Amino acid sequence: MDRRFLEENIINLKGIGEKTAKLFEKCGVFTCEDLLTYYPRAYDTFDTPLAVCDLKSGLVCACKLTIVGNIARRHVRKLSIVAFEAADQTGKVKITYFNAPYLASSLKPGTTYIFRGMVQKKGSFFTMDQPKMYKSEEYAALMGTMQPRYPLVKGLTNNAVIKAVNQAIMNVGAIEEFVPDDILKRLELISFSDAVREIHFPQNSEKLEKARRRLAYNEFLLFVLKLRLLKQNSDEIINTFPMDESSEADALLDRLPYKLTNAQISAWNDIKNDLGSKHVMNRLIQGDVGSGKTIVALLTLLTCAANGYQGALMAPTEVLAAQHYESFKEIIENYEIKSLRPVLLTGALTAKEKREAYRLISEGEANCIIGTNALIQEKVNYKNLAVVVTDEQHRFGVRQREALAGKGENTHVLAMSATPIPRTLAIILYGDLHISIINELPGGRLPIKNCVVGTDYRPKAYKFIQNQIEAGRQAYVICPMIEEGELDGVENVMDYTEKLRSNLPQSINVEMLHGKMKPAQKDAIMDSFARKEIDVLVSTTVIEVGINVPNATVMMIENAERFGLSQLHQLRGRVGRGEHQSYCIFLNTSESKDAIQRLDIMNKSNDGFKIAEEDLRQRGPGDLFGVRQSGELGFKVGDIYHDADLVKESAMDADRILAMDPDLLLPQHRVMKQILAPKSANFFDFTTL
Ligand code: ADP
Ligand code: MG
């Protein structure tokens, strides 16, 4: 089938009207291709129902139960609640439904159903909120099947997505293959069409894994091909901004209260060599959280300024950009640095402030421009942009880095990332960049102390936080959600803030931070946390990137089992950044063995590279859709750890293909070329580099 069908708007699908199309748009789904790559986030499996005595708290279970006793109906504010008990010979479960008042009359004591849902243990009782209810024969028909569960937005039901995907699969028919046959045979990969069907509607877990592998290979191969095509260009670019070493940078290093670590020195030497060499710099600094990448960026920008050029530093969030700006200003002041004149440019500035920033930039009065992607907006005219630094590189797309570099001509590029990727993989995945690794934390830091605990530990944790605050320190508490949602047993920032306020003495100032706040509000909160006016910050993962408040010594993560290991590592990296002993409390609310084992990895190591490797070791090949750390690199199904073999194979395949056919002109590469062509480069919107 022709690729044009893939590019068709989903509104042309049967059963999708304007309203549904709008909802899909919110999920980033516009075309049939978007829909086909809108992968399920999980699958429901229907196992043999368990007896009550075998239920596990924190897991989704099915259980055959008979309704006993009365069906109670009550109202709490606007919420109608139907609750009853149901039992088998081994025990009882309390079952609750919200906003389904009709159940009160349709359910009868004495009838038996299979209930399937999340089980929680509350005191001596098991509970199930909103379980799905099946008659025995209904459930029997589902047993052994896997039903997709899609990410949803309000108003969009799982069934609506299933229907739409089904339609799209039928309309598109067989999708044209772009991977040469010999590769498919060698790697035992299934066809593209089969893979797309099976990822949505797998017949069993084995077939699902085959589909996932095939689609992962697609992602890797296209990614590497694109990289190789980019690299061909960048390696040969002549350095038109050759730079001398700066005596001011040396003087700063002499006066800093600390000595650079050996790894920092070596990265800094790499950069100095690049800046003075014949070719333009294209370098990635990979350094674990807290390894001190910011000072390396500052030295680079200082050298650039001292040579009479402009440099820019782009951060993924306003909060982080503002923090960099403040810390640069502080260093400039404290160490009397003359050449560096920074300006902050983010979306949070007023129109007037922005105009002033634009003027300073275009006239060259500012020579160190720090900001968010506001830096790449059309209105910004740089005078002589020579260096572009991106912090937390993995948060940006290829396009953004290119766009910023495109603001000058042949600018040097320095990308910084804390995603721990083993070197062999990094060389492939960051193929167009040279790599420096900062694999050492500054000396004198006390290793963070970790503990993984259950919910009954909460009171102790609050007491501990209180003690730390009374000793002058500060704390973070992370919750997965912003406000009360449909997910049961998952903490949210708003309610948690209230809860903490009532659990801690009044003198302790508890505030919250989350992604729905206005930029200015977020900045204000972060500022006052940095100034120690706030003692405890309850936050979503918005604080995950780069925030540096060395006085904060406690990181408590609620529902820790819901986060990926690398994300947990990033969150933990917000503490242990200063001289004080720091602590990380992982609160596990699940009884699943896997969760306990995974969290134990965090317990044992503070080393991002080790965590990534250990995570890979523990996850057997049977783990589908495990924690996708490489999601940060923009792969939807590919997991660079789990599928490390495929990453390597795809890199070799890409090289072979390009060696034989550098411009992809052979007939067997026609579709591949089409996909890689800028016109349909949508694919690369989410590949980040
Ligand atoms: P990251 O690599 O996570 O971006 P930062 O650059 O924010 O880390 O550095 C974390 C903290 O470590 C900062 O407070 C910084 O001043 C400090 N720091 C950086 N390098 C050193 C060093 N060599 N010795 C001691 N402290 C350092
Ligand atoms: Mg940083």
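A polar contact here is a pair of N or O atoms within 3.5 Å, one able to donate a hydrogen and the other to accept it. The views below are taken from a predicted model.

**Figure 1. The N-terminal end of helix α18 is capped by Asn492.** A side-chain oxygen of Asn492 lies 3.2 Å from the backbone nitrogen of Met494. Helix α18 itself covers residues 493-503.

**Figure 2. Val493, Tyr496, Thr497 and Leu500 are the buried residues of α18.** These residues span an arc of only 105 degrees around the axis, and therefore sit on the same side of α18. Against the buried residues of α18 pack α17 (458-470) and the strands β17 (474-478), β18 (510-513), β19 (536-539) and β20 (552-557).

**Figure 3. The largest nonpolar core holds 68 residues.** Phe24, Leu35 and Phe178 have the most contacts inside this core. The element that gives the most to the core is helix α9 (residues 205-234), with twelve residues. A second core, separate from this one, has 45 residues, including Ala315, Ala322, Phe328 and Ile438.

**Figure 4. Surroundings of Phe178 in the largest nonpolar core.** With neighbours within four places in sequence left aside, Phe178 is in contact with Phe192, Arg214, Asn218, Leu221 and Leu222. Val671, Met672 and Ile675 are also in contact with Phe178.

**Figure 5. The second largest pocket has a lining of 48 residues.** The space in this pocket amounts to about 1500 Å³. Of the lining residues, Gln323, Ser327, Asn548, Pro550 and Arg577 lie nearest the centre of the pocket. Two or more lining residues come from each of α12 (293-306), α13 (318-334) and α19 (519-530). Helix α13 gives the most to the lining, with eleven residues.

**Figure 6. Asn559 lies in the loop between β20 and α20 (565-572).** Asn559 counts as buried because its relative accessibility is 1%, where the cut-off for buried is under 20%. Apart from neighbours within four places in sequence, the residues in contact with Asn559 are Pro480, Gly489, Val490, Glu491, Leu587 and Thr589.

**Figure 7. Ser246 and its side-chain contacts in the loop between α9 and α10 (247-255).** A polar atom of the Ser246 side chain lies 3.1 Å from the backbone nitrogen of Glu248. For the backbone nitrogen of Ala249, the distance to a polar atom of the Ser246 side chain is 2.9 Å. When residues up to four places away in sequence are not counted, Ser246 touches Leu302, Thr303 and Ala306. Ser246 has 6% relative accessibility and so counts as buried.

**Figure 8. Ala83 is a residue of strand β3 (residues 79-88).** At 16% relative accessibility, Ala83 is classed as buried. Residues up to four places away in sequence aside, Ala83 touches Asn70, Ile71 and Ala72, as well as Ile95 and Thr96. The C-alpha atom of Ala83 is separated by 7.3 Å from that of Lys94, a residue eleven places away along the chain.

**Figure 9. Gln567 is a residue of helix α20.** Its relative accessibility is 23%, so Gln567 counts as partly exposed. Gln567 touches Thr541 and Glu544, with residues up to four places away in sequence not counted. The C-alpha atoms of Gln567 and Val545 are separated by 9.6 Å, and the two residues are 22 residues apart along the chain.

**Figure 10. Asn410 has a positive phi although it is not a glycine.** The phi of Asn410 is about 50 degrees. Asn410 is placed in the loop between α15 (398-405) and β14 (412-417). With a relative accessible area of 32%, Asn410 is partly exposed.

**Figure 11. Lys532, not a glycine, also has a positive phi.** For Lys532 the angle is about 70 degrees. The loop that holds Lys532 runs between α19 and β19. Lys532 counts as partly exposed, at 41% relative accessibility.

Technical notes:
Residues are numbered from 1 along each chain as its sequence is written. Chains are lettered from A and ligands numbered from 1 in the order in which they are written. This is a predicted model: local features need pLDDT of at least 70, side-chain atom pairs count only at pLDDT 80 or more; totals for chains, interfaces and linings use all residues. Side-chain values use heavy atoms; hydrogens and water are left out. A nonpolar core is a set of buried Ala, Val, Leu, Ile, Met, Phe, Trp, Tyr and Cys residues joined through side-chain atoms within 4.5 Å. Buried means under 20% relative accessible area, exposed over 50%, partly exposed in between (1.4 Å probe, protein chains only). Helices (H or I, at least four residues) and strands (E, at least two) are DSSP runs, numbered from the N terminus. Contact means heavy atoms within 4.5 Å. The arc is that of the directions from the helix axis to the C-beta atoms. On a 1 Å grid over the protein atoms alone, a cavity is a set of points where a 1.4 Å probe fits but cannot get out, and a pocket is an open set with protein on both sides within 12 Å along at least five of seven lines; lining residues have an atom within 4 Å of a point. Grid points are joined across faces, edges and corners, and a volume is the space filled by probe spheres set on the points.
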